[in-house]
Amino acid sequence: MEQSRPLWDNPLQFVFACISYAVGLGNVWRFPYLCQMYGGGGFLVPYFIMLIVEGMPLLYLELAVGQRMRQGSIGAWRTISPYLSGVGIASVVVSFFLSMYYNVINAWAFWYLFHSFQDPLPWANCPMNRNYTGYMEECEKASSTQYFWYRETLNISPSIEEHGSIQWEQAVCLILAWLVVYLCILRGTESTGKVVYVTASLPYLVLLIYLIRGLTLHGAVNGLVYMFTPKLEQLANPKAWINAATQIFFSLGLGFGSLIAFASYNEPNNNCERHAMIVSLINSATSIFASIVTFSIYGFKATFNYEDCVSKVILLLTNTFDLEEGFLTADNLEAMKNYLTSTYPNEYTELLPQIKNCSLEAELDTAVQGTGLAFIVYSEAIKNMEVSQLYSVLYFFMLLLLGIGSMLGNTTAILTPLTDSKFISTHLPKEAISGIVCFVNCIVGLIFTMEAGNYWFDIFNDYAATLSLLLIVLVETISVCYVYGLRRFEKDLHVMTGHKPSWYWKIMWAFASPVLIVSLFVFYLTDYILTGTLKYQAWDATQLRYTRYIYNSSLFNF
Amino acid sequence: PRTGQNAGAAPFIFFLTLQYTWDASEEYLFRAMVAFAMRRYSSKETTQISNVLLCNVTDRVSFWFVVADSSKNVTTIPRKNVEAAIRMNRNRINSAFLLNDDTLQFLKISSTLSPPIEPSLPIWLIVFGSVLCLILGGIVFLIVSGIRQRQKKNQASAEAENLEDKHETIVTTENGIPCDTLDFKAGHINGVYAAADDERFTPL
């Protein structure tokens with residue numbers, strides 16, 4: 001007896017699954033950085049243009065292919081043309097790469113989440129050194145949050161060649177993360193469909209709480225004003241447009257096969273056009289929403305550090321010159337400095353190297369992205385809030401939900417072609433296939449828990465998916481438009497959604513999107529070639545700063 | 001801050017905001033606390049408040065102080081003893097002024113940092129353990145219920161197959177309608193014939 005294809009219980013589950021997959025960590029830690037670097041509020045212009053030219057059409061294309069062919073990526077492309085089954089296999093391989101390293105982020109989120117149940121938070125203070133005479137030197141020179149991230153979480157080695165051993169704490173967190181993913185995908189759409197209700201909606205609740213908290217923080221307005229003032233001259237910078245296109249492309253998760261897999265579990269008459277527009281708009285809106293939260297947090301942190309710096313200078317001067325309490329304030333500091341220079345010139349010049357120039361702009365200018373933003377900057381801001389344990393738990397729980405949501409999409413992209421294949425599904429039940437996939441990924445992922453693991457993570461993060469995805473989506477678009485035929489595709493869409501696609505979709509599919517992808521591809525290739533030797537940032541524990549090392553080909557000899 | 005050149009004098013500095021103004025009464029309290037510390041340290045009970053002398057009080061509220069030896073005139077108690085006495089009773093002196101080690105600083109007397117309280121089992125392991133048990137329980141439950149469902153389905157489909165085999169042998173169709181549906185359907189009783197048996201026909 002042939003089993004019918006499992007379906008989503010209702011279209012809402014499908015939309016939530018797509019949102020949960022598309023809205024991921026990139027919305028929180030990449031978009032605010034891009035906004036800050038490329039013109040603040042002005043960055044929204046290239047961003048929305050790229051959304052209309054590239055994001056929505058390609059998303060609709062993938063969903064429509066999946067819904068029409070009702071198979072995972074390998075089967076769908078084989079149905080379009082047997083010569084194109086390589087596209088499907090490429091999608092599965094890229095999804096495999098991504099799931100290998102992406103779940104490590106969830107492991108780190110678990111680690112921080114478990115450590116949030118302490119008072120005070122472990123990254124709030126520096127730990128003491130062995131003799132209890134003072135604080136750890138590495139922590140004093142850097143900051144307590146950086147120390148917690150680099151030493152206690154990652155235990156990072158000075159360079160990628162020094163592998164070190166597997167950190168057992170990180171390894172068990174990784175195993176737990178994979179167990180959670182396994183639990184969610186165990187039964188296929190039956191279990192995934194219930195989980196995505198949570199992973200899609202709860203992060204918005206947490207972001208809302210953080211928005212209210214963030215906007216009421218002292219100094220939040222500084223961050224918002226600084227970041228959002230549009231610097232329209234950046235629009236002339238081609239990098240702004242390229243980064244906008246790249247961000248839209250990767251944020252929607254195109255080319256991995258996850259969207260095809262999700263859509264294949266749809267009813268054949270599902271209105272995927274409307275869903276494509278909804279998902280892409282929600283994804284972009286979430287990015288903007290998250291960056292408002294991030295900028296207010298930035299502003300709070302920068303203001304806090306600035307005021308801390310100023311009060312330290314005041315203290316130093318008050319002690320040196322035996323002035324009365326309250327004589328120096330933040331407002332009269334500059335005037336008083338001049339007065340002191342003239343009255344006690346000798347002592348003042350002696351003191352000069354210790355007096356730091358505190359600047360709010362310098363604090364705001366530290367643009368951070370990626371794991372640095374999520375784990376260092378945010379935890380630094382959280383430790384200064386009241387009831388910091390609550391906010392810490394909420395924040396890392398939200399990171400977990402976002403990460404698990406994206407992992408569900410990635411693993412579905414790998415599993416759907418496997419369960420579609422008659423050969424495998426007759427020999428192994430669904431639970432066993434999911435279990436094997438999770439197990440293999442977990443074992444490989446243990447590499448990222450070694451002392452040099454973060455460097456490997458950076459390699460995968462920067463290079464594993466970029467060019468491959470561009471190529472995959474380019475071939476997808478061209479094959480649907482020219483190999484399968486745009487007219488045939490139109491007819492299929494007419495059958496599925498009830499109306500033919502408008503000229504906007506057709507122009508984007510046939511001309512605009514392929515041209516854009518080709519130009520992105522050419523840009524990245526030339527960038528790689530022109531860069532020459534690739535460098536990476538290493539954390540130097542002795543000098544406590546980043547040094548740039550060159551990737552050595554010998555590091556591949558394990 | 002000026003470093004001590006005076007052999008016996010210990011400099012002393014106030015930091016940050018005082019919740020009260022510093023006046024002669026506060027100075028008196030300070031001298032009393034130092035005398036108390038000396039008495040506790042040497043357990044001699046001879047130090048008087050008048051033995052403690054303050055000098056060079058500035059607006060910042062920083063000053064030098066010495067403790068004169070009551071038994072021998074014109075000599076001061078050595079610096080080391082005074083420092084040890086103060087270190088022993090630091091807590092009491094701090095609380096008398098509603099300050100702490102950061103806000104009430106004695107130069108050259110460094111505060112010892114309190115050792116951290118290490119719980120026997122790190123808290124994160126406890127939370128980790130509970131989450132792990134929950135997840136494992138969920139996985140086992142889903143797998144077991146999945147296996148049971150599949151067994152039931154296999155049984156049900158096996159039974160259905162047996163029944164179908166029996167029907168297969170005797171299904172005959174008449175005008176495209178399988179006879180067994182006619183057999184099992186409740187037949188329509190033609191009311192005319194039923195009534196006919198009873199009263200329709202006139203009896204002969």
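Helix axes whose N-to-C directions differ by an angle over 145 degrees count as roughly antiparallel. Keep that cut-off in mind for this tour of a predicted model.

**Stop 1: H9 and H21 of chain A**

Select residues 168-185 of chain A for helix H9, then add residues 430-445 of chain A for helix H21. The two helices pack at an angle of about 160°, and their axes are 10 Å apart. H9(A) and H21(A) are therefore roughly antiparallel to each other. Rotate the view to follow the crossing: H9(A) passes H21(A) in a right-handed way.

Now show the side chains at the contact. From H9(A), pick Leu174(A), Ile175(A), Trp178(A), Tyr182(A) and Ile185(A). Their partners in H21(A) are Glu431(A), Ser434(A), Gly435(A), Cys438(A), Asn441(A), Cys442(A) and Gly445(A). If you colour this contact by class, you should find seven nonpolar, four polar and one charged residues.

**Stop 2: H6 and H23 of chain A**

Next, select helix H6, residues 85-114 of chain A, together with helix H23, residues 466-497 of chain A. Their axes come within 10 Å and cross at roughly 150°. H6(A) and H23(A) are therefore roughly antiparallel to each other as well. Here H6(A) passes H23(A) in a left-handed crossing.

Which residues of H6(A) and H23(A) make the contact? On H6(A), they are Val87(A), Ala90(A), Ser91(A) and Val94(A). On H23(A), they are Ser468(A), Leu469(A), Ile472(A), Val475(A) and Glu476(A). Sorted by class, the residues of this contact are six nonpolar, two polar and one charged.

**Stop 3: two loops with special backbone geometry**

Zoom in on Pro120(A), in the loop between H6 and helix H7 (137-141) of chain A. The peptide bond leading from Asp119(A) to Pro120(A) is cis, and its omega is near -5°.

Then move to Asn155(A), found in the loop between helix H8 (144-153) and helix H9 of chain A. Asn155(A) has a positive phi of about 50°, although it is not a glycine.

**Stop 4: H11 and H14 of chain A**

Select helix H11 (residues 220-228) and helix H14 (residues 272-320), both in chain A. Their axes are 6 Å apart, and the helices pack at an angle of about 120°. H11(A) and H14(A) are therefore oblique to each other. Their crossing is right-handed.

Turn on side chains once more. H11(A) brings Ala220(A), Asn222(A), Gly223(A), Leu224(A), Met227(A) and Phe228(A) to the contact. They meet Ser291(A), Ile292(A), Phe295(A), Ser296(A), Tyr298(A), Gly299(A), Phe300(A) and Thr303(A) in H14(A). By class, this contact has eight nonpolar, six polar and no charged residues.

**Stop 5: Leu360 of chain A**

Stay with Thr303(A) and add Leu360(A), which sits in helix H17 (residues 360-364) of chain A. How far apart are Leu360(A) and Thr303(A) in sequence and in space? They are 57 residues apart in sequence, but their C-alpha atoms are 6.6 Å apart in space. Leaving out residues up to four places away in sequence, Leu360(A) touches Asn222(A), Ala302(A), Thr303(A) and Tyr306(A). You have already met Asn222(A) in H11(A) and Thr303(A) in H14(A).

**Stop 6: the whole of chain A**

Zoom out and show chain A as a cartoon. Chain A has 24 helices and two strands. Its radius of gyration is 26 Å, close to the 24 Å that the globule rule gives for 558 residues, so chain A is as compact as a globular protein of that length. Along the principal axes, the C-alpha atoms of chain A fill a box of roughly 90 × 50 × 45 Å.

**Stop 7: a span in chain B**

Finally, select residues 121-144 of chain B, which an unreviewed UniProt entry lists as "transmembrane region". This span of chain B is 92% helix and 0% strand, and its end C-alpha atoms lie 33 Å apart.

Key: Residues numbered from 1 in each chain as written. Chains lettered and ligands numbered in written order. Predicted model: local features only at pLDDT ≥ 70, side-chain atom pairs only at ≥ 80, totals over all residues. Heavy atoms only, no water. Axes fitted to C-alpha atoms, helices over the stretch in contact; angles between N-to-C directions. Helix = DSSP H or I, 4+ residues; strand = E, 2+ residues; numbered from the N terminus. Parallel < 35°, antiparallel > 145°, perpendicular 65-115°, else oblique. Left-handed = near helix turned anticlockwise from the far one by under 90°. Contact = heavy atoms within 4.5 Å. Nonpolar A, V, L, I, M, F, W, Y, C, P; charged D, E, K, R; others polar. UniProt positions renumbered as here; feature names shortened; annotations may be inferred. Rg over C-alpha atoms; globule rule 2.2 N^0.38 Å.
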